[in-house]
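Work through the exercises below with the sequence and the model in view. Try each task before reading its solution.

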Amino acid sequence: NDALQAELASSKERLDKCLGVMRDLDEKVQRLKDDFATKTAEAERLKASLQKAEEVLGAAMELLEKLSGEQTRWEAMEHDLSAESSALPANVMLSAMFITYLADEQEAARQSFLQQAAELLHRAKLSSSESFDLLGFLSSEGELLKWKALGLPSDRLSHENGIVLTRTKQAPFVIDPSSAA
């Protein structure tokens, strides 16, 4: 009986130790589960943050690509504006000469004198170009289209005459040999 009692006490003691170890293991498992849940939630937050950062980076890269094209366009515009500004004094002289001295000349004489004057200014290094576009300098596409809509013929001579009429302060003496006006 004593041996059985001793064995029972030993078994109870081992059972209590096993239950204690099991409780410790259960607590450790619960801590590990909680830690795992925390780490999983943090990983999901990091994953969402990374995805958002990748989207922002993609949008930034797309914007940079678009802006690089704009930079090329702006550099070309700057080059064109620089060329136009350096040619401005010569273009103004040619325009003034045309309106003042060539308005009453025939079309062929106008073109010949204008071409010769542009070449002289170019040789004198006052202009970067040997050619000069009077219509492009003194009018706009919109103005030419408006004149066309009002019935002005779309030939160069009519456009040049329209420029003379709108750009001079003198009252012009106009003869319409075709009676189209």
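**Exercise 1.** What percentage of the 181 residues in the protein do buried residues make up?

*Solution.* The model is a predicted one. A residue is called buried when its relative accessible area is under 20%. Buried residues make up 16% of the 181 residues. The accessible surface of the protein comes to about 14,300 Å², and carbon and sulfur atoms account for 60% of that surface.

**Exercise 2.** List the secondary structure elements, then decide whether the protein is as compact as a globule or more spread out.

*Solution.* Step one: the protein has five helices and zero strands. Step two: in sequence order the pattern reads α-α-α-α-α. Step three: the radius of gyration is 45 Å, while the globule rule gives 16 Å for 181 residues. The value is well over the rule, so the protein is more spread out than a compact globule. Step four: the C-alpha trace spans about 150 × 40 × 25 Å along the principal axes.

**Exercise 3.** Describe the largest nonpolar core and find which helix gives the most to it.

*Solution.* The largest nonpolar core has 17 residues. Among those with the most contacts inside this core are Leu94, Phe98, Leu114 and Phe132. Each of α1, α2 (107–123), α3 (134–138), α4 (141–149) and α5 (156–167) supplies at least two residues of the core. Helix α1 gives the most, with five residues. Now take Phe98 as an example. Leaving out residues up to four places away in sequence, Phe98 touches Ala103, Arg110, Leu114, Leu134, Glu160 and Val164.

**Exercise 4.** Which residues make the nonpolar surface patch of about 510 Å²? Classify Leu67 by its accessibility.

*Solution.* The patch is made by Leu63, Leu67, Trp74, Met77 and Leu81. Leu67 is found in helix α1, which covers residues 2–102. The relative accessibility of Leu67 is 41%. Partly exposed lies between the cut-offs of 20% and 50%. Leu67 therefore counts as partly exposed.

**Exercise 5.** Where does Lys125 lie, and does Lys125 count as buried or exposed?

*Solution.* Lys125 lies in the loop between α2 and α3. Its phi angle is near 65 degrees, a positive value in a residue other than glycine. Exposed means over 50% relative accessible area. Lys125 has 74% relative accessibility, so Lys125 counts as exposed.

Conventions. Residues numbered from 1 in each chain as written. Predicted model: local features only at pLDDT ≥ 70, side-chain atom pairs only at ≥ 80, totals over all residues. Heavy atoms only, no water. Patch = residues over 30% accessible without salt bridge, like charges linked within 9 Å, V, L, I, M, F, W, Y side chains within 5 Å. Areas by Shrake-Rupley, 256 points an atom, 1.4 Å probe, with all protein chains shown as cover. Salt bridge = Lys/Arg side-chain N within 4 Å of Asp/Glu carboxyl O. Helix = DSSP H or I, 4+ residues; strand = E, 2+ residues; numbered from the N terminus. Buried < 20%, exposed > 50% of the residue type's maximum accessible area, 1.4 Å probe, protein only. Rg over C-alpha atoms; globule rule 2.2 N^0.38 Å. Core = buried A, V, L, I, M, F, W, Y, C linked by side-chain atoms within 4.5 Å. Contact = heavy atoms within 4.5 Å.
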